[in-house]
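The exercises below are meant to be worked with the sequence and the coordinates open side by side. Each task is followed by a solution that proceeds step by step.

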Amino acid sequence: MGELIQIVDSLENKVSKLLHKLEVLGDANRNLENELLMIKSKQENASKTVSDWEEKYNSLKLANSMLGSNTNKTEAKLKINTLIRELDHCIAQLSE
């Protein structure tokens with residue numbers, strides 16, 4: 001009978017340790033999930049910032065070429081032609 005009590009006590013002890021370990025791992029998992037969400041948010045913000053800067057750079061490059069810079073004149077002409085075609089298309093749709 002004493003042997004059976006020892007086995008039950010040992011099982012209770014092991015189950016208790018496993019439950020504690022499960023709780024600790026659950027907390028660690030929640031912390032890691034929160035950290036992952038924060039990192040994803042920071043990465044999205046960084047990507048948006050990079051996109052904004054790229055757009056500003058392209059606008060500045062276009063403005064610079066329109067001011068007389070020889071480096072991007074072809075690109076500026078193409079952009080202006082594209083804008084003119086879009087305007088012509090819009091005017092044509094409005095007149096219909």
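**Exercise 1: the start of the chain**

Classify methionine 1 as buried, partly exposed or exposed, and then place methionine 1 in the secondary structure and in the surface.

Solution. In this predicted model, methionine 1 has a relative accessibility of 79%, and because the class "exposed" begins over 50%, methionine 1 counts as exposed. Methionine 1 is found in the segment before α1, the helix that covers 2-66. Turning to the surface, Met1 joins Leu4, Ile5 and Val8 in a nonpolar patch of about 440 Å².

**Exercise 2: the salt bridges**

Find how many salt bridges the whole structure holds, and describe the partners of each.

Solution. The search of the whole structure finds 2 salt bridges. One of them links aspartate 27 to arginine 30, with the closest N and O atoms 2.3 Å apart, and the two residues both lie in helix α1 with a spacing of 3 residues, about one turn of the helix. Aspartate 27 is partly exposed because its relative accessibility is 34%, and arginine 30, with a relative accessible area of 45%, is likewise partly exposed.

Another salt bridge joins the side chains of lysine 48 and aspartate 52, at 3.3 Å from N to O; these residues also both lie in helix α1, 4 residues apart, again about one turn of the helix. Here the classes of the partners are to be read one by one: lysine 48 has 53% relative accessibility and so counts as exposed, whereas aspartate 52, at 32%, counts as partly exposed.

**Exercise 3: the aromatic rings**

Determine how many aromatic pairs the structure holds, and which residue lies over the face of tryptophan 53.

Solution. The count of aromatic pairs is 0. The face of tryptophan 53 is nevertheless covered by a charged residue, since lysine 56 lies over it at 4.8 Å from the ring centre.

**Exercise 4: the overall form**

Compare the radius of gyration of the protein chain with that of a compact globule of 96 residues, and relate the result to the burial of the chain.

Solution. Begin with the secondary structure, which consists of 2 helices and 0 strands. The radius of gyration of the protein chain is 33 Å, whereas a compact globule of 96 residues would have a value near 12 Å. The C-alpha atoms fill a box of roughly 100 × 40 × 15 Å along the principal axes. As to burial, 5% of the 96 residues count as buried, and the accessible surface comes to about 8900 Å², with 61% belonging to carbon and sulfur atoms.

Notes
Residues numbered from 1 in each chain as written. Predicted model: local features only at pLDDT ≥ 70, side-chain atom pairs only at ≥ 80, totals over all residues. Heavy atoms only, no water. Patch = residues over 30% accessible without salt bridge, like charges linked within 9 Å, V, L, I, M, F, W, Y side chains within 5 Å. Areas by Shrake-Rupley, 256 points an atom, 1.4 Å probe, with all protein chains shown as cover. Salt bridge = Lys/Arg side-chain N within 4 Å of Asp/Glu carboxyl O. Buried < 20%, exposed > 50% of the residue type's maximum accessible area, 1.4 Å probe, protein only. Phe/Tyr/Trp six-rings, centres within 6.5 Å; stacked < 30°, edge-to-face > 60°. Lys NZ or Arg CZ within 6 Å of the ring centre and 35° of its normal. Rg over C-alpha atoms; globule rule 2.2 N^0.38 Å.
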